[in-house]
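Hi there,

Here is the structure I promised to pass on. Please have a look at it first, and then read on for what turned up.

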Amino acid sequence: MNRPTDHDLDLSVAAMLRIGVTLAAVFVFAGGVLSLRDPRSTPADYTHFHAGSEALRSVSGIFHGAIHLDPQSIIQLGLVFLIATPVARVVLCIIGFARQRSMLYVAISSIVLAILIFSLTRNLR
């Protein structure tokens, strides 16, 4: 098996970023359209901050709501995809650098991944 070149890795990362952002945009747009068509929706009240429902604060709750076509859950799922895109980029870079046998870059990317995971999970309860 041939080692991937830097150009191959760049193309893979670019394609993954395009797919991730496009997927996120599609989910947010679809959730927005469903929200506008939802007869249960009420006009937003911006005079006071409302944190939203508990179901939208966990990934499992978001997936459960999205399966049941809840507009807010679908929008939130799009945002989860948007947040997951740079994490997936770092994972793809680790794999690509490992295939290139660039261990310094594997180590640096692994540190970046650890920081990303720590920052995303430190507020979970």
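What radius of gyration does the protein chain have, against that of a compact globule of 125 residues? The model is a predicted one, and its protein chain comes out at 19 Å, whereas a compact globule of 125 residues would be near 14 Å. Along the principal axes, the C-alpha atoms take up a box of roughly 55 × 30 × 25 Å.

As for the fold, you will find four helices and zero strands in the protein chain, so to speak a plain α-α-α-α when read along the sequence. Of the contacts between residues at least 6 apart in sequence, 64% join residues that are at least 24 apart.

Now to the surface. The protein chain has an accessible surface of about 9,300 Å², and carbon and sulfur atoms account for 67% of that. Buried residues make up 24% of the 125. On the charged side, there are 10 positive and 7 negative side chains, with 7 Å between the centres of the two sets.

The part I enjoyed looking at was the aromatic rings. How many aromatic pairs does a search of the whole structure find? It finds two. One is formed by Phe27 and Phe81: the ring centres are 5.2 Å apart and the planes stand at 35°, so this pair is tilted. Because Phe27 sits in helix α1 (residues 6-37) and Phe81 in helix α3 (residues 71-100), the pair ties together parts that are 54 residues apart in sequence. Are these two rings' residues buried or exposed? Phe27 is partly exposed, at a relative accessible area of 24%, and Phe81 is also partly exposed, at 26%.

The other pair is Phe97 with Tyr105. Here the centres of the rings lie 5.3 Å apart and the planes are at 35°, so this pair counts as tilted too. Phe97 is buried, with 15% relative accessible area, since the cut-off for buried is under 20%. Its partner Tyr105 is partly exposed, at 46% relative accessibility.

If you open the model, I would suggest starting with Phe27 and Phe81, the pair that links helix α1 and helix α3, and then turning to Phe97 and Tyr105. Happy to talk it over whenever suits you.

Best wishes

Notes:
Residues numbered from 1 in each chain as written. Predicted model: local features only at pLDDT ≥ 70, side-chain atom pairs only at ≥ 80, totals over all residues. Heavy atoms only, no water. Helix = DSSP H or I, 4+ residues; strand = E, 2+ residues; numbered from the N terminus. Rg over C-alpha atoms; globule rule 2.2 N^0.38 Å. Buried < 20%, exposed > 50% of the residue type's maximum accessible area, 1.4 Å probe, protein only. Contact = heavy atoms within 4.5 Å. Areas by Shrake-Rupley, 256 points an atom, 1.4 Å probe, with all protein chains shown as cover. Lys, Arg positive; Asp, Glu negative; His and termini not counted. Charge placed at Lys NZ, Arg CZ, Asp CG, Glu CD. Phe/Tyr/Trp six-rings, centres within 6.5 Å; stacked < 30°, edge-to-face > 60°.
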